[in-house]
Structure formats: structure tokens, C-alpha cells
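Thanks for coming. I will go through one structure today, going from backbone to side chains and then to empty space. Please keep the viewer open.

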Amino acid sequence: MAVKLNALISDSYIDISQYRDQHFRGYRYEQEKLLKQSHTLYVGNLSFYTTEEQVHEMFSKSGDVKRIIIGLDKVKKTACGFCFVEYYTRADAEHAMRFVNGTRLDDRIIRTDWDAGFKEGRQYGRGKSGGQVTFLLDRR
């Protein structure tokens, strides 16, 4: 009797979040389609001192990393707390979403989210001084 090991096959249960890149050029359904097929993760809450090598060491445990793009301050060109991690396959990116999201790197709890795909220019933070911007919801 042959037994199929479903655990080894990607089941795509990693849902896309409600967050959407407001600078995406295109329709929302196009963005959602790209997110569902993406091999790229947005990684937030990084220390400004976290290196590309540290990110690679952590994320390569989930699969073969194609490239890492560290987020930079527009003005100073220094790290500003986020990066993009691109994998060769969706399955490897899903493993990172399952196992790396919420873990500690450089004494910070990092978060991962799907990204529709890195395009040149997105590595720069969007704050006034080029840093990362965090939006808080008013819960009154």
C-alpha cells in the first residue's frame, strides 16, 4: 500500500494578510494574484544593525534563498529596519512564513509578510528622513 506524504507537498495554507502596498501600480486583484504566487517575503522589525549575512543564515534554514535586499534610509543609505527575502520556490517561502515569522533575530521579534515582488526603488524607507514608517490604528 502506497502512502502519499502530504506534509512534504506545499498546501498553500499561508494566507495573504490584509496589508497592501499603497504604492503598488495596478489593480488590487492584480496585486492579490501576485501575492498568492509570490516567492518574495517582506521582513519587518529588523534591528538597524542586522546584517545581510544574519538574515541569510536565518532564512536559508527554510529553503534556498535567491537574494536579500536590505531596506535603506533614503538619505543616509543605512539600514532602516526591513528587508525583502526572495526564494527560488513558493514552497520554500511558505516554509519561512510558517517557521521564521515571529522568531527572534538580533534581539527583535521579526515579522514576515508576502510581497508582490521586489522592484528597484522599494528598498528605500518611506519616512520623512527615509526611514521605516509604522502606522498605528486609532482604537477609540
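**Backbone, rings and a cavity**

Start at Asn45, which lies in the loop between E1 and helix H2, residues 52-59. Before going on: this is a predicted model. Asn45 is not a glycine, yet its phi is positive, at about 70 degrees. For background, most residues other than glycine have a negative phi. As for exposure, Asn45 has a relative accessible area of 29%, so it is partly exposed.

A second residue belongs under this topic. Asp107 is also a residue other than glycine with a positive phi, near 60 degrees. Its place is the loop between strand E4, residues 104-105, and strand E5, residues 108-109. Is Asp107 buried or exposed? Its relative accessibility is 66%, and because the cut-off for exposed is over 50%, Asp107 counts as exposed.

One more loop residue, this time for its contacts. Ser62 is in the loop between H2 and strand E2, which covers residues 65-72. Ser62 has 11% relative accessibility and therefore counts as buried. Which residues does Ser62 touch, leaving out those up to four places away in sequence? They are Tyr87, Asp92, His95, Ala96 and Val100.

Now the aromatic side chains. How many aromatic pairs does a search of the whole structure find? The search gives three. One of them joins Tyr42 and Phe84, edge-to-face, with 5.9 Å centre to centre and 70 degrees between the planes. This pair links distant parts of the chain: Tyr42 belongs to strand E1, residues 40-44, Phe84 belongs to strand E3, residues 79-87, and the two are 42 residues apart. Tyr42 and Phe84 are both buried.

Phe84 has another partner, Phe82. That pair is edge-to-face as well, with 5.9 Å between the centres and 90 degrees between the planes. Why does Phe82 count as buried? Its relative accessibility is 6%, and the limit for buried is under 20%. For Phe84 the relative accessible area is 2%, so Phe84 is buried too. Taken together, ring pairs link Tyr42, Phe82 and Phe84 into a cluster.

There is also a charge over a ring. The charged end of Arg90 sits over the ring of Trp114, at 3.7 Å from the ring centre.

Next, the cysteines. The number of disulfides in the structure is zero. Cys80 has a relative accessibility of 2% and so counts as buried. Cys83, at 0% relative accessibility, counts as buried as well.

Last topic: empty space inside the model. As a reminder of the approach, rolling a probe the size of a water molecule over the atoms shows where empty space is left. How many cavities of 30 Å³ or more are there? The count comes to one. The volume of the largest cavity is about 30 Å³, so treat that count with the threshold in mind, because the rule asks for 30 Å³ or more. The residues that line this largest cavity are Leu46, Ser47, Phe48, Thr50, Ile70, Ala79, Gly81 and Phe82. Which element gives the largest share of the lining? E3 does, with three residues.

Phe82 therefore turns up twice in this talk: Phe82 counts as buried at 6% relative accessibility, and besides pairing with Phe84, Phe82 is among the residues lining the largest cavity. That is the end of my part.

Terms used. Residues numbered from 1 in each chain as written. Predicted model: local features only at pLDDT ≥ 70, side-chain atom pairs only at ≥ 80, totals over all residues. Heavy atoms only, no water. Phe/Tyr/Trp six-rings, centres within 6.5 Å; stacked < 30°, edge-to-face > 60°. Helix = DSSP H or I, 4+ residues; strand = E, 2+ residues; numbered from the N terminus. Buried < 20%, exposed > 50% of the residue type's maximum accessible area, 1.4 Å probe, protein only. Lys NZ or Arg CZ within 6 Å of the ring centre and 35° of its normal. Disulfide = S-S within 2.5 Å. Contact = heavy atoms within 4.5 Å. 1 Å grid on protein atoms, 1.4 Å probe; cavity = no way out; pocket = protein on both sides within 12 Å on 5 of 7 lines; lining within 4 Å. Points joined across faces, edges and corners; volume = space filled by probe spheres on them.
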